[in-house]
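Here is a short briefing for someone meeting this structure for the first time. Please look over the sequence and the 3D view before reading on.

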Amino acid sequence: MKKLINDPADVVREELQGIEAAHPDLVKVAYDPFYIARADAPVKGKVALVSGGGSGHEPMHGGFVGMGMLDAACPGEVFTSPTPDQMEAATKAVDGGSGVVHIVKNYTGDVMNFEMAAELCRAEGAEVESVVVDDDVAVQDSLYTAGRRGVGATVLMEKIAGAAAEQKRPLKEVADICRDVNSNARSMGMALTSCTVPAAGSPTFELGDDEIEMGVGIHGEPGRDRMKMKTASEIVDMMATAIVDDAPFSNGDQVLAFVNGMGGTPLIELYVVYNELNKFLAGRGITIARNLIGSYITSLEMAGCSITLLKMNDDFTRLWDAPVKTAGLRWGV
Amino acid sequence: MSEEVSVSYDDVVALMKTYAAAIAENKQSLTELDSAIGDADHGINMDRGFQAVIGKIDTVTSGDIGALFKTVGMTLVSTVGGAGGPLYGTLFLQLGVATAGKDRITAEDWSAALTAAVSGVQARGKAESGDKTMVDALIPARDAFAAALTDGADLPAALRRSADAAEAGMTATIPLVARKGRASYLGERSAGHQDPGATSSALLLRTVADAWAGDASTTTEEAHDG
């Protein structure tokens, strides 16, 4: 294992110290327990957005804390859900009196830990709405599984709902916007290589030099198929077909197209993917109204990409275009 | 007048220390099992949690077994993370609720505590028997313990049967297709691998049997039943 770390046990703490040193204008960092909060939290009269999950997906979630996006993020150990005490402390720290939305990616651990946290917060009188993100079309049979995983739509949800909260919209409406984003978004990922959790020291899964994992999850969970390497055009065709055929997309729709790098893929390849996606969608009569290209929800050093499509409406578009000032996303300010 | 075997507060403390050592010893193998069908962190997370338990356990000096189990549960909830944190945390919290205020626990107490713990884990994780989870070791352990008592077995014998049943349940997860947790994403590909959660649960029941069924650690008291 070759990594720019000191000790596997210290990676998350030292990353937080780096974030604190780099962005004191945007965030403040708590260490007992771990969470990152907006520098100006709690913002009075604004619904607060709290998310969290295992580390290793940077810039998600800590890099999305700031004006126009999250109020707090709770980092767990690498690829391990954070704990209820972190979520409870973060919720209390950012609650500006208008309620708190917990944005939870649909993984067994995240769901259970956030559930316990919401129970603790409500028991102390906080108003908490929980929303679950489950946009990954690679998980086909949700009836017999833990359900679809939360992936790329999380980033879009945090931006769009964050803008709605910034406009002082009420708790119920902000939570409903989250649910709307989730129901109108679909994603699919693929891996060219595996990744190594620092504490584990060896790759999470084995993938041959000429193999790809189609439908991979953001923790290296297996996808739909393992196959021989293909061209970008063939790969995008498979991913986009799976997404578009899952609904809610149809001819004439306007979408936000999000081409995401898994952590080890250069931007040059992401633009090749975007070009293929643009051609594919044009062929289906779907217009890309907005786009996001880069590595925003990663899996350590995994090479590969994911594609997320969000069916847009006027409100989503205005909220997407609204100003945001975080370490990971910044425009309009 | 009959003799009743029961477990003391110190026996429970000793159990937690022994289980923490067993988890540390099996950290790698649990993580390897998780690597095959999960996210390769079960042993690492459990070890982090039980090392924290070891740090906390001597600060609880109430002599109340329920309070001790609750401390273990809360410590696991706040240090393990993942799915294991809420699940093992709930297991020990429920053992604590069931044994609240007791300085010794009898076979009947343990049977009730196991029942509460298994119900708590199922309520939190929504898993049924056969989903390829820790429940597949816990349910047989609970049932075998209760059945042994019905058959007239004493505490040590019942604990051994409970541990045997947990291990059989653990082994029986190998051919199962996972329906809960990250392993469920594998679908048919999850068959052929032993569930890591069932493994750590079977290890817990075996550690309980070894710790409390041996003559050295479990004490015999005369029960005053009139």
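The points below go from whole chains to single strands and residues.

This is a predicted model. Chain A has eight helices and 14 strands. Chain B comes to eight helices and three strands.

**Chain A as a whole**

- Chain A has a radius of gyration of 19 Å, and a compact globule of 333 residues would have one near 20 Å, so the two values agree.
- Its C-alpha atoms fill a box of roughly 50 × 50 × 40 Å along the principal axes.
- Buried residues account for 59% of the 333 residues in chain A.
- Take the contacts in chain A between residues at least 6 apart in sequence: 72% of them join residues at least 24 apart.
- The exposed area of chain A is about 12,100 Å², and carbon and sulfur atoms supply 50% of it.
- Chain A carries 29 positive and 47 negative charges. The mean positions of these two sets are 5 Å apart.

**Chain B as a whole**

- Read along the sequence, the elements of chain B follow the pattern β-α-α-α-α-β-α-α-α-α-β.
- The radius of gyration of chain B is 17 Å, which agrees with the value near 17 Å for a compact globule of 226 residues.
- Along the principal axes, the C-alpha trace of chain B spans about 60 × 40 × 30 Å.
- Of the 226 residues in chain B, 57% count as buried.
- For contacts in chain B between residues at least 6 apart in sequence, 71% link residues at least 24 apart.
- Chain B exposes about 8,600 Å², with 53% of this supplied by carbon and sulfur atoms.
- There are 18 positive and 30 negative side chains in chain B, and the centres of the two sets lie 10 Å apart.

**Strand E5 of chain A and its partners**

- Strand E5 of chain A covers residues 100–105. Six of its six residues are buried.
- Both faces of E5(A) are covered. On one side, A:Val100, A:His102 and A:Val104 are buried. On the other, A:Val101, A:Ile103 and A:Lys105 are buried too.
- E5(A) pairs with strand E3 (residues 48–55) of chain A in the parallel sense, over four bridges.
- In that pairing, A:Leu49 has A:Val101 as its bridge partner.
- E5(A) is also joined to strand E6 (residues 128–133) of chain A. These two strands run parallel, with six bridges between them.
- Here A:Val101 stands opposite A:Glu129 in E6(A).

**A:Glu129, a residue of strand E6**

- A:Glu129 lies in strand E6 of chain A.
- Is A:Glu129 buried or exposed? Its relative accessible area is 19%, and the limit for buried is under 20%, so A:Glu129 is buried.
- Leaving out residues up to four places away in sequence, A:Glu129 touches A:Val100, A:Val101 and A:His102. It also touches A:Leu171, A:Lys172, A:Ala175 and A:Arg179.

**Strand E12 of chain A and its partners**

- Strand E12 of chain A covers residues 304–311 and is mostly covered, with seven of its eight residues buried.
- Seven bridges join E12(A) to strand E7 (residues 185–191) of chain A, and the two run antiparallel.
- In this pair, A:Met190 has A:Cys305 as its bridge partner.
- Strand E10 (residues 254–261) of chain A is also joined to E12(A) by seven bridges, again antiparallel.
- The bridge partner of A:Asn260 in E12(A) is A:Ser306.

**A:Asp245, a residue of helix H6**

- A:Asp245 is found in helix H6 (residues 232–245) of chain A.
- Its relative accessible area is 53%, and exposed means over 50%, so A:Asp245 is exposed.
- A:Asp245 and A:Ala22 are 223 residues apart along the chain, and their C-alpha atoms are separated by 43 Å.

**B:Gly73, a residue of helix H3**

- B:Gly73 lies in helix H3 (residues 65–79) of chain B.
- The relative accessible area of B:Gly73 is 0%, so this residue is buried.
- Which residues is B:Gly73 in contact with, leaving aside neighbours within four places in sequence? They are B:Gly89, B:Phe92 and B:Leu93.
- B:Gly73 and B:Ile139 are 66 residues apart in sequence, and 19 Å apart from C-alpha to C-alpha.

Conventions:
Residues numbered from 1 in each chain as written. Chains lettered and ligands numbered in written order. Predicted model: local features only at pLDDT ≥ 70, side-chain atom pairs only at ≥ 80, totals over all residues. Heavy atoms only, no water. Rg over C-alpha atoms; globule rule 2.2 N^0.38 Å. Buried < 20%, exposed > 50% of the residue type's maximum accessible area, 1.4 Å probe, protein only. Contact = heavy atoms within 4.5 Å. Areas by Shrake-Rupley, 256 points an atom, 1.4 Å probe, with all protein chains shown as cover. Lys, Arg positive; Asp, Glu negative; His and termini not counted. Charge placed at Lys NZ, Arg CZ, Asp CG, Glu CD. Pairing = 2+ DSSP bridges.
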